[in-house]
Amino acid sequence: MSITSEFVTYVTTSEHWNGERGILHRAIEHLRLSGIAVVAAAAIALPVAIWLGHGRRGGFAAQSVVNVGRAVPSLAILALLFPLSLRYGFGLGFWPTLVALVILAVPPMFTNAYTAIRSVDPFVVEASRGMGMRPFEVVTRVEVPNGLALILTGVRIATLQVIATATLGAYVGFNGLGSFINEGFRQQDNGKLLTGAVAVALIALLVDVAFGAVVRRATPWRKLDLQVSTKGLQP
Amino acid sequence: MLATNKDSFIWWDWVGRHGDEIQQATIEHLQLTLIAVGAGFSLSLMFSAVALRWRATYAPIAGVAGLLYTIPSLALFAFLLPITGFNTLTSAIGLTSYTLAIFIRNIVEGVDSVAPEVLAAADGMGYGRVRRLMTVELPLAAPAIVAALRIATVTTVGLVTVTGLIGQGGYGSFINSGLSRSFSTEIVVGGGLSVVMAIALDILLVGIERATTPWTRVRRAARA
């Protein structure tokens with residue numbers, strides 16, 4: 001049987017869609033855990049990054065966070081949390097995966113948000129102060145809107161990494177879409193393997209496209225910017 | 001014995017007894033990283049040359065590379081497994097495809113940022129298109145290209161661990177085996193060595209960058 005037909009046979013069998021180990025349940029679990037992780041990481045990373053960026057302090061820390069974050073493989077963090085989680089009674093699956101995802105999502109969110117706030121034109125910030133805005137208003141009405149595109153880019157990068165690593169969660173007992181890949185590999189079942197691969201890739205691509213649309217809607221003025229700047233670059 | 005293992009995270013005894021395996025895994029990990037970064041860099045140079053010559057091709061080339069980059073690593077390996085089988089090729093193809101997006105964007109943007117006066121001077125000296133690209137534009141884009149090399153190398157070292165989950169070697173095989181036996185020593189060794197390798201290669205590349213682009217230091221000194 002060809003690989004394609006193995007895949008089609010697997011996906012078109014209705015039992016494979018239902019139940020605890022079905023495609024639907026695992027897809028929902030995958031998205032739910034990823035969503036919780038992204039929200040938790042944003043709640044930790046963004047306020048600190050915006051506060052540091054507003055005060056224009058901590059540039060070295062921001063750079064270090066991103067360098068260290070890149071050098072530590074996501075699989076290593078996930079794997080290291082596994083024995084820790086077992087020892088302290090948090091069990092398999094959900095908790096070790098969630099904690100790993102939050103740890104991984106913080107650096108890209110932090111660095112992008114910090115850079116976003118820090119690179120807002122100082123004259124614009126000065127002007128808003130001159131208009132009598134209080135520091136809190138400067139942050140919420142000037143710095144955050146101006147840096148929004150870059151802040152959201154950080155969230156987007158983090159979200160894609162979270163979805164990818166949630167797939168690896170299958171190896172610490174998380175019942176998400178990665179489980180199809182793990183089981184398919186162990187059982188030499190290509191249909192199952194490909195189902196996991198296609199589902200994970202689809203979710204990642206759809207989330208990426210959706211994010212692109214959100215960024216465009218949230219920052220309509222950027223389109224204008226882009227048109228002006230490309231016009232300037234034409235010879 | 002199991003009780004003792006669970007009491008401490010790292011069992012130095014185990015590390016001492018598995019020196020040969022650790023050495024073997026180090027070689028495999030390094031090999032896979034170099035193959036992927038080398039192949040990715042060569043392919044990216046070709047794609048970038050095409051994109052720079054015919055600007056209309058840049059968007060689709062960058063688009064496809066970005067698409068590959070978006071697919072989670074384990075899923076990409078799972079796609080390749082039934083086609084290319086359980087071997088180094090599967091890992092190498094997957095790993096290479098991740099470096100393309102990083103390299104192509106940096107090479108094209110690096111070359112684009114070369115000052116127009118410099119290009120005019122090269123043209124005035126009678127440089128052809130290929131010669132100008134090879135001897136003027138690429139060297140001047142070196143800082144951006146080395147930056148891409150650093151990011152691609154460090155990222156690849158981390159991704160090679162994932163190939164351990166599909167039965168390939170490298171430090172990932174320790175992590176995989178540690179996970180299936182709940183033996184933290186192997187996880188710490190696999191993860192820790194991978195971090196050490198990423199940092200070591202990054203430092204090496206910074207050194208190469210300094211040695212090959214002395215003018216960037218002169219400029220910095222002049223500004224200071």
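When I speak of a helix axis in this talk, I mean a line fitted to C-alpha atoms over the stretch in contact, and the angle between two such axes runs from 0 to 180 degrees between their N-to-C directions. With that in hand, and remembering throughout that what you see above is a predicted model, let us begin with a pair of helices in chain B.

The axes of helix α6 of chain B, residues 88-112, and of α9(B) come within 9 Å and cross at roughly 160 degrees. Since angles over 145 degrees count as roughly antiparallel, α6(B) is therefore roughly antiparallel to α9(B), and the crossing in which α6(B) passes α9(B) is right-handed. On the α6(B) side the residues that meet the partner include Leu95(B), Tyr98(B), Ile102(B) and Phe103(B), while on the α9(B) side they include Ala148(B), Ile151(B), Ala152(B) and Leu159(B). Sorted by class, this contact holds 13 nonpolar, seven polar and one charged residues.

A second pair in chain B can be described in the same terms. Helix α7 of chain B, residues 116-124, packs against helix α8 of chain B, residues 129-140, at an angle of about 160 degrees, and their axes are 11 Å apart. That angle makes α7(B) roughly antiparallel to α8(B), and here too we have a right-handed crossing. Val118(B), Leu119(B) and Ala122(B) come from α7(B), and they are met by Arg132(B), Val136(B) and Leu140(B) from α8(B). In this contact five residues are nonpolar, none is polar and one is charged.

Now let me turn to chain A, which has 10 helices and zero strands. If you measure along the principal axes, its C-alpha atoms fill a box of roughly 70 × 50 × 30 Å. Of the 235 residues in chain A, 43% are buried, and among contacts between residues at least 6 apart in sequence, 71% join residues at least 24 apart.

How is helix α1 of chain A, residues 3-11, placed against α9(A)? The two pack at an angle of about 75 degrees, with their axes 8 Å apart, and because angles from 65 to 115 degrees count as roughly perpendicular, that is the word we use for α1(A) and α9(A). The contact brings together residues of α1(A), among them Ile3(A), Phe7(A) and Tyr10(A), and residues of α9(A), among them Asn190(A), Lys192(A) and Leu194(A). By class, the residues of this contact divide into five nonpolar, four polar and two charged.

The next topic is the nonpolar core. In soluble globular proteins, nonpolar side chains tend to be buried together. The largest nonpolar core in this model has 113 residues, and those that touch the most other members are Ala41(A), Ala105(A), Met109(A), Ala113(A), Ala75(B) and Ala78(B). Helix α5 of chain A, residues 94-118, supplies the largest share of this core, with 14 residues. If you would like one residue to look at, take Ala113(A), which, leaving aside residues up to four places away in sequence, touches Ala45(A), Leu46(A), Ala49(A), Ile50(A), Gly53(A), Ile151(A) and Gly154(A).

How do the two chains meet? In chain B, 33 residues are in contact with 33 residues of chain A. The elements of chain B that give two or more residues to this side are α5 (73-84), α9 (142-163), α10 and α11 (184-212), and α11(B) gives the most, with nine residues. The side of chain B that touches chain A has 21 nonpolar residues, 12 polar ones and no charged ones.

Finally, let us look at a few single residues. Most residues other than glycine have a negative phi. Gln188(A), however, has a positive phi, near 55 degrees, and lies in the loop between α8 (178-186) and α9 (190-218) of chain A. Is Gln188(A) buried or exposed? Because only 12 or fewer neighbouring C-beta atoms within 10 Å are allowed for an exposed residue, and Gln188(A) has 9, it is exposed.

Ser182(B), which is not a glycine either, has a positive phi of about 55 degrees, and its place is in the loop between α10 and α11 of chain B. With 15 C-beta neighbours inside 10 Å, Ser182(B) counts as partly exposed. Ser180(B), by contrast, is found in helix α10 of chain B, residues 171-181, and counts as exposed because it has 11 C-beta neighbours inside 10 Å.

Notes. Residues numbered from 1 in each chain as written. Chains lettered and ligands numbered in written order. Predicted model: local features only at pLDDT ≥ 70, side-chain atom pairs only at ≥ 80, totals over all residues. Core = buried A, V, L, I, M, F, W, Y, C linked by C-beta atoms within 7 Å. Buried ≥ 20, exposed ≤ 12 C-beta atoms within 10 Å, placed from the backbone. Helix = DSSP H or I, 4+ residues; strand = E, 2+ residues; numbered from the N terminus. Contact = placed C-beta atoms within 7 Å. Nonpolar A, V, L, I, M, F, W, Y, C, P; charged D, E, K, R; others polar. Parallel < 35°, antiparallel > 145°, perpendicular 65-115°, else oblique. Left-handed = near helix turned anticlockwise from the far one by under 90°.
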